[in-house]
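I am opening a notebook on a structure that is new to me, and I want to write down what I look up in the order I look it up.

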Amino acid sequence: GTVYKARHVPTNTLVALKQINALDSNTRKQILNEMRTLCDNPNAPGLVKFFGAYYVADSGAMCIALEYMNGGSLEDFAKKLPGGRLPEPALSIIVGRVLTGLDYLHR
């Protein structure tokens with residue numbers, strides 16, 4: 001899919017608008033599972049905030065409004081570094097936060 005920077009009008013908040021082609025049934029199931037997880041765990045550590053979603057019938061795309069993280073993608077960040085790799089201390093912080101989120105979800 002593609003991610004755009006957008007504004008959530010009701011809260012005047014910048015969001016990441018994730019647009020995914022949802023014509024495939026497996027993709028739709030994955031998207032719905034992601035939205036259900038975010039809705040059911042609004043204050044989970046390590047998870048982004050969910051603002052809402054909608055379906056674009058003409059294109060078959062699902063659009064999900066998520067908390068905007070202004071650091072860009074991990075790949076973009078790594079490309080800016082010498083050698084295009086993240087140093088081990090930075091990776092340990094990232095992995096720690098991912099594990100915190102996973103631990104919360106599996107309790």
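Before anything else I fix my terms: I call a residue buried under 20% relative accessible area, exposed over 50%, and partly exposed in between. I also note that I am reading a predicted model.

**Entry 1: the strands**

I began with strand β1, residues 2–8, and found that it runs antiparallel to strand β2, residues 13–21, with seven bridges joining the two. To fix the register in my mind I looked for one facing pair, and saw that Val3 stands opposite Lys18 in β2. I then followed β2 to its other pairing, with strand β4 (residues 61–67), where I again read an antiparallel arrangement over seven bridges. Here the facing pair I noted is Val15 and Glu67, the latter in β4.

**Entry 2: the turn**

How many residues lie between β1 and β2 in their hairpin? I counted four residues there, and I marked Asn12 in the turn for a closer look. Asn12 sits in the loop between β1 and β2, and its phi is near 55°, which is a positive value in a residue other than glycine. With a relative accessible area of 53%, Asn12 is exposed.

**Entry 3: salt bridges**

I searched the whole structure for salt bridges and came away with two. I keep in mind that side chains of opposite charge can pair when their charged atoms come close.

One of the two joins the side chains of Lys18 and Glu34, at 3.1 Å from N to O. Because Lys18 lies in strand β2 and Glu34 in helix α1 (residues 25–40), this pair ties together parts that are 16 residues apart in sequence. I checked the exposure of both partners: Lys18 is partly exposed at 24% relative accessibility, and Glu34, also at 24%, is partly exposed.

The other salt bridge is between the side chains of Lys79 and Glu75, at 3.6 Å from N to O. Both of these residues lie in helix α2, residues 74–79, where they are four residues apart, or about one turn of the helix. Lys79 is exposed at 58% relative accessibility, and Glu75 counts as exposed at 51%, a value over the 50% cut-off.

**Entry 4: cysteines**

Why is there no bond between the sulfur of Cys39 and the closest cysteine sulfur? I recalled that a disulfide is a covalent bond between the sulfur atoms of two cysteines, and my rule asks for those atoms to be within 2.5 Å. The closest cysteine sulfur to that of Cys39 belongs to Cys63 and is 16 Å away, so it is too far for a bond. Cys63 is accordingly in no disulfide, and my count for the structure comes to zero. I also compared the exposure of the two residues: Cys39 is partly exposed, with a relative accessible area of 42%, whereas Cys63 is buried at 3%.

**Entry 5: a nonpolar patch**

Last, I looked for nonpolar side chains on the surface, and found a patch formed by Val95, Val98, Leu99, Leu102, Tyr104 and Leu105. Together these residues have about 490 Å² of accessible area. I placed one of them, Leu99, in helix α3, which spans residues 88–105.

Conventions: Residues are numbered from 1 along each chain as its sequence is written. This is a predicted model: local features need pLDDT of at least 70, side-chain atom pairs count only at pLDDT 80 or more; totals for chains, interfaces and linings use all residues. Side-chain values use heavy atoms; hydrogens and water are left out. Two strands pair if DSSP finds at least two bridges between them. A salt bridge is a side-chain nitrogen of Lys or Arg within 4 Å of a carboxyl oxygen of Asp or Glu. Buried means under 20% relative accessible area, exposed over 50%, partly exposed in between (1.4 Å probe, protein chains only). Patches are made of residues with over 30% relative accessible area and no salt bridge: like charges are joined within 9 Å, nonpolar side chains (Val, Leu, Ile, Met, Phe, Trp, Tyr) within 5 Å. Accessible areas come from the Shrake-Rupley method with a 1.4 Å probe; for residues, only the protein chains shown count as cover.
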